[in-house]
Amino acid sequence: MLESIAIVLIILWVLGIVSSYTMGGVIHILLVIALVVILIRVIQGRRL
């Protein structure tokens with residue numbers, strides 16, 4: 001469930017990057033990277 005939500009959010013952000021030609025694209029990339037890192041740490045912390 002969590003993985004599917006993350007995938008949908010990433011797809012929406014990628015569409016935002018493709019449709020924008022300004023610095024907003026860089027901000028979207030940084031948000032995606034931050035979200036993925038946080039999710040990985042939370043998931044690994046709960047599994048251990």
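## Elements and overall surface

Helices are DSSP runs of H or I with at least four residues, numbered from the N terminus. In this predicted model, the protein has 2 helices and 0 strands. Helix 1 covers residues 2–19, and helix 2 covers residues 24–47.

The chain has 48 residues, of which 8% count as buried. The accessible surface of the protein amounts to about 4,100 Å², and carbon and sulfur atoms supply 77% of that area.

## The largest pocket

The largest pocket has a volume of about 170 Å³. Its lining consists of 10 residues. Nearest the centre of the pocket lie Glu3, Val36, Leu39, Ile40 and Ile43.

Both helices take part in the lining: helix 1 and helix 2 each supply at least two residues. The largest share belongs to helix 2, with 6 residues. Sorted by class, the lining of the largest pocket comprises 7 nonpolar residues, 1 polar residue and 2 charged residues.

## The nonpolar patch

A nonpolar patch of about 640 Å² lies on the surface. The residues that make this patch are Ile5, Ile7, Val8, Leu9, Ile11, Leu12 and Leu15.

Leucine 9, one of the patch residues, is located in helix 1. Patch residues need over 30% relative accessible area. Leucine 9 has a relative accessible area of 36% and is therefore partly exposed, since that class runs between the limits of 20% for buried and 50% for exposed.

## Leucine 2 and leucine 39

Leucine 2 belongs to helix 1. Its relative accessibility is 43%, so leucine 2 counts as partly exposed.

Along the chain, leucine 2 and leucine 39 are 37 residues apart. In space, the C-alpha atoms of these two residues are separated by 9.0 Å. Leucine 39 is also among the residues that lie nearest the centre of the largest pocket.

## Isoleucine 10, 29 and 33

Isoleucine 29 sits in helix 2. With a relative accessible area of 41%, isoleucine 29 is partly exposed. The C-alpha atom of isoleucine 29 is 9.4 Å from that of isoleucine 10, and the two residues are 19 residues apart along the chain.

Isoleucine 33 is likewise placed in helix 2. Isoleucine 33 counts as partly exposed because its relative accessibility is 48%, and the exposed class requires over 50%. From isoleucine 33 to isoleucine 10 the C-alpha distance is 9.6 Å, with their positions 23 residues apart in sequence numbering. Isoleucine 10 thus appears in two of the listed pairs, with isoleucine 29 and with isoleucine 33.

Key
Residues are numbered from 1 along each chain as its sequence is written. This is a predicted model: local features need pLDDT of at least 70, side-chain atom pairs count only at pLDDT 80 or more; totals for chains, interfaces and linings use all residues. Side-chain values use heavy atoms; hydrogens and water are left out. Patches are made of residues with over 30% relative accessible area and no salt bridge: like charges are joined within 9 Å, nonpolar side chains (Val, Leu, Ile, Met, Phe, Trp, Tyr) within 5 Å. Accessible areas come from the Shrake-Rupley method with a 1.4 Å probe; for residues, only the protein chains shown count as cover. A salt bridge is a side-chain nitrogen of Lys or Arg within 4 Å of a carboxyl oxygen of Asp or Glu. Buried means under 20% relative accessible area, exposed over 50%, partly exposed in between (1.4 Å probe, protein chains only). On a 1 Å grid over the protein atoms alone, a cavity is a set of points where a 1.4 Å probe fits but cannot get out, and a pocket is an open set with protein on both sides within 12 Å along at least five of seven lines; lining residues have an atom within 4 Å of a point. Grid points are joined across faces, edges and corners, and a volume is the space filled by probe spheres set on the points. Ala, Val, Leu, Ile, Met, Phe, Trp, Tyr, Cys and Pro count as nonpolar, Asp, Glu, Lys and Arg as charged, and the others, Gly among them, as polar.
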